[in-house]
Amino acid sequence: MHHVIERAQARLARAEAHPFVPGGGGGAPAITIAECYYLHDYLRKDFNNNPVEVKKLQIFLKDLEGFSNLAITGIYDDATIAATDAFQIRYKDEVLTPWGYDGATGTDYTYILTKKKVNEIYCKHAFPVNAQQQAEIDATRALFESLRNAGINLGNSLPSGNNGSSMPL
């Protein structure tokens, strides 16, 4: 596993115009817990995503999560969304269910808990959510529960979006 991380770090260093670890030099710097913060942005389709952040997600999904056919393009395209959704389902207890989703489908978004889980896997330590993020997660879960309690069938996720998903995670 260590060689896989080193390979991902080397690919990332080539993808970025600057080092991805604060205080790092050229190449793939050694990562310490105090310095590691891999994915910085929330990502979604048809949004002005930072291509470097998208490439970082794609490299992570391809090299560390096994989505070997995922192209590293810097575009948050359908293939990246499919891999991200599969990642969310793989880690549904930490990424989907806290929001109130049943974990059967992904959301098409890289949002609070998806970004958090990517960073935790890459950096090998926990990343807490802040109070504002937790309040948003709790409010969304409460909304979903109140809708279900009112007899509104949400299915696997809330309707809207291209594939039946809507709320970012």
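**Notebook: rings, a disulfide and helix α6**

I began with the aromatic side chains, and found that Tyr 38, Phe 60, Phe 87, Tyr 91 and Tyr 122 form one aromatic cluster. For pairing I took rings of Phe, Tyr and Trp (its six-membered ring) with centres within 6.5 Å; planes under 30 degrees apart count as stacked, over 60 as edge-to-face and the rest as tilted.

A note to self on the source: this is a predicted model, where local features need pLDDT of at least 70 and side-chain atom pairs count only at pLDDT 80 or more, while totals for chains, interfaces and linings use all residues. Residues are numbered from 1 along each chain as its sequence is written, and side-chain values use heavy atoms, leaving out hydrogens and water.

**Aromatic pairs**

I counted eight aromatic pairs in the structure. Tyr 37 and Phe 127 make an edge-to-face one, 5.3 Å centre to centre with 65° between the planes. This pair links distant parts of the chain, 90 residues apart: Tyr 37 sits in the loop between α1 and α2, and Phe 127 in the loop between α5 and α6. Helices here are DSSP runs (H or I, at least four residues), numbered from the N terminus.

I then checked exposure, where buried means under 20% relative accessible area, exposed over 50%, and partly exposed in between (1.4 Å probe, protein chains only). Tyr 37 is partly exposed at 30%, and Phe 127 is buried at 11%. Next I looked up Trp 99 and Tyr 111, a tilted pair at 5.9 Å centre to centre and 35° between the planes. Both Trp 99 and Tyr 111 are buried.

**The disulfide**

I found one disulfide (a pair of cysteine sulfur atoms within 2.5 Å). Cys 36 and Cys 123 form this bond, with their sulfur atoms 1.8 Å apart. Cys 36 lies in the loop between α1 (2-15) and α2 (51-64) and Cys 123 in helix α5, so the pair ties together parts 87 residues apart in sequence. The S-S torsion is about -75°, so the disulfide is left-handed. Cys 36 counts as buried at 4% relative accessibility, and so does Cys 123 at 8%.

**Helix α6**

I closed with α6 (residues 131-149), whose buried residues are Gln 133, Ile 137, Thr 140 and Phe 144. They cover an arc of only 65° around the axis (taken from the directions from the helix axis to the C-beta atoms), which puts them on the same side of α6. On the other side, Ala 131, Gln 132 and Asn 149 are exposed. After α6 I noted Gly 151, whose phi is positive, near 85°.

Methods. Helices (H or I, at least four residues) and strands (E, at least two) are DSSP runs, numbered from the N terminus.
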